[in-house]
Structure formats: structure tokens, C-alpha cells
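Student: I would like to take a close look at one helix in this protein and see how it sits among its surroundings. Could you walk me through it slowly?

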Amino acid sequence: MAGLGTGGDLELIKEFANLIGAAVGVTRPLADMGIMPRDYQIGTTGVSLRAKTVFVFGASGAPHFVYGIRDCGTIVAVNTDREAPIFENCDYCVVADLFDVLKALIKELRGGK
């Protein structure tokens with residue numbers, strides 16, 4: 001999942017998703033900006049998920065978005081704002097720059113390359 005904190009740059013998120021065999025979803029602001037089609041919008045005005053694991057990068061955790069991930073298993077959120085509401089609705093909270101986290105995850109998934 002990608003939120004407004006990505007600034008609309010989904011390159012690393014798409015690469016990460018490809019490496020783990022996942023799909024990419026976005027919050028409403030990114031869909032509104034045309035970054036991804038509405039079909040990929042998660043939340044009350046989009047689709048709801050039932051995934052075993054969800055990675056949320058750069059989403060604040062607005063209630064209408066959280067509604068779309070409420071039925072998921074494990075939720076891992078990455079945000080630079082330690083007070084972001086998303087952290088109240090996830091299992092693992094990572095307070096860090098999402099791009100640094102994604103680069104490290106991609107490197108690890110590629111065997112350290």
C-alpha cells in the first residue's frame with residue numbers, strides 16, 4: 001500500500017511488491033492524483049482487503065483507509081511520523097523513511113545485491 005507520504009513515487013513500492021508476489025494499492029489521495037487507477041484505491045470509497053500480510057508505506061491512517069485493511073492479518077506500517085494514526089491500527093510500526101526501508105528490503109530480497 002502506498003500513501004501520500006510517497007509523494008507519488010511508486011517505483012520502489014512496485015519493485016518490492018513484485019519481489020514478494022504482491023499487488024500495489026493506494027490511498028484515495030494518490031488515486032485522486034491519477035497516480036494509480038481507482039481500481040487500486042483501498043478504503044471505504046475503494047476496495048477492502050483480506051490479505052494475510054499488508055505493508056503500508058507513507059499512509060497517515062485516515063479512518064476511511066483503515067476501513068479497507070481492517071480484515072487483514074498482519075499489518076506493517078512505515079511512516080516518519082511516530083504519531084501517525086496508522087500506528088494505532090497495525091501490528092508492526094516502523095518509524096523511518098519509507099524509501100530507506102524499501103531499499104533495504106529490496107536489497108535483502110535480492111540476496112544483498
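Tutor: Happy to: we will start with helix H4, then turn to helix H1 and a few residues elsewhere in the chain. Please keep in mind that this is a predicted model.

Let's begin with the helix itself. H4 runs over residues 98-109, which makes 12 residues. From its first C-alpha to its last it reaches 16 Å, close to the 16 Å expected at 1.5 Å a residue.

Now look at which side chains are hidden. Leu98, Val101, Leu102 and Ile106 are the buried residues to find in H4. If you look down the axis of H4, its buried residues fall within an arc of 130 degrees, so they line one face of the helix. Lys103 and Glu108, on the other side of H4, are exposed.

What do the buried residues of H4 pack against? Their partners are helix H1 (11-20), strand E1 (53-57), strand E2 (74-79) and strand E3 (92-95).

The two ends of H4 also deserve a glance. At the N-terminal end, Asp97 acts as a cap, with a side-chain oxygen 2.9 Å from the backbone nitrogen of Phe99. Just after H4 comes Gly111, which takes a positive phi of about 80 degrees.

Since H1 is one of the packing partners of H4, let's look at H1 in the same way. Buried in H1 are Leu12, Ile13, Phe16 and Ala17. These residues cover an arc of only 135 degrees around the axis, which puts them on the same side of H1. The face turned away from that buried side carries the exposed residues Glu11 and Asn18. The buried residues of H1 pack against E1 and H4. After H1 comes Gly21, and its phi is positive, near 70 degrees.

Stay with H1 a moment longer and look at the segment before it, where you will find Ala2. Is Ala2 buried or exposed? Ala2 has a relative accessible area of 1%, so it counts as buried, the cut-off for buried being under 20%. Not counting residues up to four places away in sequence, Ala2 touches Leu10, Ile13, Gly25, Val26, Thr27, Leu30 and Phe57. One of these, Ile13, is also among the buried residues of H1.

There is open space to find too. The largest pocket holds about 330 Å³. It is lined by 18 residues, and the closest to its centre are Met1, Ala22, Ala23, Val24 and Gly25. H1 and E1 each supply at least two residues of that lining.

Finally, let's visit the loop between helix H2 (28-32) and E1, where Gln41 has its place. Gln41 is buried, with a relative accessible area of 1%. Its side chain is joined to that of Arg38 by a polar contact of 2.7 Å. Leaving aside neighbours within four places in sequence, Gln41 is in contact with Val26, Thr27, Arg28, Ala31, Gly46 and Val47.

Lys52 also lies in the loop between H2 and E1. Lys52 counts as exposed, because its relative accessibility is 73% and the cut-off for exposed is over 50%. Leaving aside neighbours within four places in sequence, Lys52 is in contact with Gly73 and Thr74. Lys52 and Thr74 are 22 residues apart along the chain, and their C-alpha atoms are separated by 6.1 Å.

Conventions
Residues numbered from 1 in each chain as written. Heavy atoms only, no water. Helix = DSSP H or I, 4+ residues; strand = E, 2+ residues; numbered from the N terminus. Expected span 1.5 Å × (residues − 1). Buried < 20%, exposed > 50% of the residue type's maximum accessible area, 1.4 Å probe, protein only. Arc of directions from axis to C-beta. Contact = heavy atoms within 4.5 Å. Polar contact = N/O pair within 3.5 Å; in protein donor to acceptor, adjacent residues only side chain to side chain. 1 Å grid on protein atoms, 1.4 Å probe; cavity = no way out; pocket = protein on both sides within 12 Å on 5 of 7 lines; lining within 4 Å. Points joined across faces, edges and corners; volume = space filled by probe spheres on them.
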